[in-house]
Amino acid sequence: MKITWLGHSCFSLEMNETSVVIDPFISGNPRFPTAITPDLHQTDFILLTHGHEDHLGDAISVAKKGGATIVAVYELAHHLMAQGVKAQHVIDMNIGGGVTLAGGVTVHMVQAMHSNSIMVGDSCTYGGCAAGFVVEMGGVTLYHAGDTGVFSDMKLIQDLYQPTIGLLPIGDRYTMGPKEAAYACNELFDLKTILPMHYGTFPQLTGQADTFKNLVRRGEVVVLNPGQGVEV
Ligand code: NI
Ligand code: MN
């Protein structure tokens, strides 16, 4: 599987002919790697952890133009359909459940300790629970934490799915910072490769990758620049 960081919490996963993009924050993302301009319109599946604008991002326009299928929690999924995404391009699910997609990709929706809302005009509309995802693709199991604080049931995610790759927010303020994310790696997970995300995008996100890397004793932290990737 090829994993490419597209800045913030946006990753593309590619395996053979199947591609998955998580949290496609393109417009307004100061760290989106425009130099490589990945063609997200070719994406088969878009996974949305929640409806905040730095995660929902361009999902609706990408799905409408390219025909990707979006996977999201029930309330957010219905918001997407109300915005004109065709029902056959939306898969709704909820925390604790799994679904097998075309191309042999299995997705489990797991808990995230965060809020979830969608901006409609000037107000926040309820978006269901915020989520993380465990993705099984080509024999690799990857965990994308979404936006979350640290919580002890991360151990349950480890026990049930045994992910080897972890994509964890470290930016602080709205999510775990380096200290909390390192605790998750050291005490709750047994990840082999850890990619920090959701930091450095905006001035409010003060968590630093070096601080995180120095605190992690279990697993290898790989610090990418947007546009870079790893093959696993
Ligand atoms: Ni958020
Ligand atoms: Mn966020």
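A donor, in the exercises below, is an N, O or S atom within 2.8 Å of the metal. The structure is a predicted model, and every value quoted here is computed from it.

**Exercise 1. Describe the site of the manganese ion (ligand 2), and find how its donor residues are spaced in sequence.**

Step 1. Begin with the donors themselves: the manganese ion (ligand 2) is coordinated by D54 through OD, H55 through NE2, D147 through OD and H198 through NE2, at 2.2 to 2.3 Å.

Step 2. Written along the sequence, the donor residues of this ion follow the spacing D-H-x91-D-x50-H.

Step 3. The site joins distant parts of the chain, for D54 belongs to helix α1 (residues 53-56), while H198 lies in the loop between β14 (193-197) and α6 (209-215), 144 residues apart.

Step 4. A second metal now enters the picture, since D147 bridges the manganese ion (ligand 2) and the nickel ion (ligand 1), and these two ions lie 3.3 Å apart.

**Exercise 2. Decide whether H198 is buried or exposed, and state what is noteworthy about its phi.**

Step 1. The cut-off needed is that a residue counts as buried under 20% relative accessible area; H198 is therefore buried, because its relative accessibility is 1%.

Step 2. D54, another donor to the manganese ion (ligand 2), is buried as well.

Step 3. Most residues other than glycine have a negative phi. In H198, however, phi is near 55 degrees, a positive value in a residue other than glycine.

Step 4. D23 can be examined in the same manner: this residue, which is not a glycine, has a positive phi of about 50 degrees, and its place is in the loop between β3 (18-22) and β4 (45-47). With a relative accessible area of 0%, D23 is buried.

**Exercise 3. Which residues line the largest pocket, and into which classes do they divide?**

Step 1. The largest pocket holds about 260 Å³ of space, and its lining consists of H8, H52, E53, D54, H114, S115, D147, Y174, H198, F202, Q204 and L205.

Step 2. Sorted by class, the lining residues are 3 nonpolar, 6 polar and 3 charged.

Step 3. Compare this list with the metal site: D54, D147 and H198, which are among the residues coordinating the manganese ion (ligand 2), also appear in the lining of the largest pocket.

Step 4. Consider next Y174, another of the lining residues, which is found in the loop between β13 and α5. Y174 is partly exposed, with a relative accessible area of 44%, and, leaving aside neighbours within four places in sequence, Y174 is in contact with H114, Q204 and L205. Y174 and T148 are 26 residues apart in sequence, yet 7.8 Å apart in space from C-alpha to C-alpha.

**Exercise 4. How many cavities of 30 Å³ or more does the whole structure contain, and what kind of residues line the largest cavity?**

Step 1. A search of the whole structure finds 1 cavity of 30 Å³ or more, and about 30 Å³ of space lies in the largest cavity.

Step 2. Its lining is made up of W5, F11, L195, P196, Y199, V222, V223 and L224.

Step 3. When these residues are sorted, 8 are nonpolar, and there are no polar and no charged residues in the lining.

**Exercise 5. Examine the largest nonpolar core, and the packing of helix α5.**

Step 1. The largest nonpolar core has 74 residues, and those with the most contacts inside it are I3, L13, L48, L80, L142, Y143 and F212.

Step 2. Take Y143 as an example: not counting residues up to four places away in sequence, Y143 touches a set of residues including V110, F133, M154, I165 and F189.

Step 3. Turn to helix α5 (residues 178-188), in which the buried residues are P178, A181, A182, A184, C185, N186 and L188. These buried residues pack against α4 (154-161), β13 (165-169), β14 and α6.

**Exercise 6. Is G139 buried or exposed, and where does it lie in the chain?**

Step 1. The place of G139 is in the loop between β11 (131-137) and β12 (140-144).

Step 2. A residue counts as exposed over 50% relative accessible area; G139 is therefore exposed, because its relative accessible area is 81%.

Step 3. The C-alpha atoms of G139 and G28, residues that are 111 places apart along the chain, are separated by 34 Å.

Terms used. Residues are numbered from 1 along each chain as its sequence is written. Chains are lettered from A and ligands numbered from 1 in the order in which they are written. This is a predicted model: local features need pLDDT of at least 70, side-chain atom pairs count only at pLDDT 80 or more; totals for chains, interfaces and linings use all residues. Side-chain values use heavy atoms; hydrogens and water are left out. Donors are N, O and S atoms within 2.8 Å of the metal (3.2 Å for Na, K and Ca); water is not among the atoms, so sites may look incomplete. Helices (H or I, at least four residues) and strands (E, at least two) are DSSP runs, numbered from the N terminus. Buried means under 20% relative accessible area, exposed over 50%, partly exposed in between (1.4 Å probe, protein chains only). A nonpolar core is a set of buried Ala, Val, Leu, Ile, Met, Phe, Trp, Tyr and Cys residues joined through side-chain atoms within 4.5 Å. Contact means heavy atoms within 4.5 Å. On a 1 Å grid over the protein atoms alone, a cavity is a set of points where a 1.4 Å probe fits but cannot get out, and a pocket is an open set with protein on both sides within 12 Å along at least five of seven lines; lining residues have an atom within 4 Å of a point. Grid points are joined across faces, edges and corners, and a volume is the space filled by probe spheres set on the points. Ala, Val, Leu, Ile, Met, Phe, Trp, Tyr, Cys and Pro count as nonpolar, Asp, Glu, Lys and Arg as charged, and the others, Gly among them, as polar.
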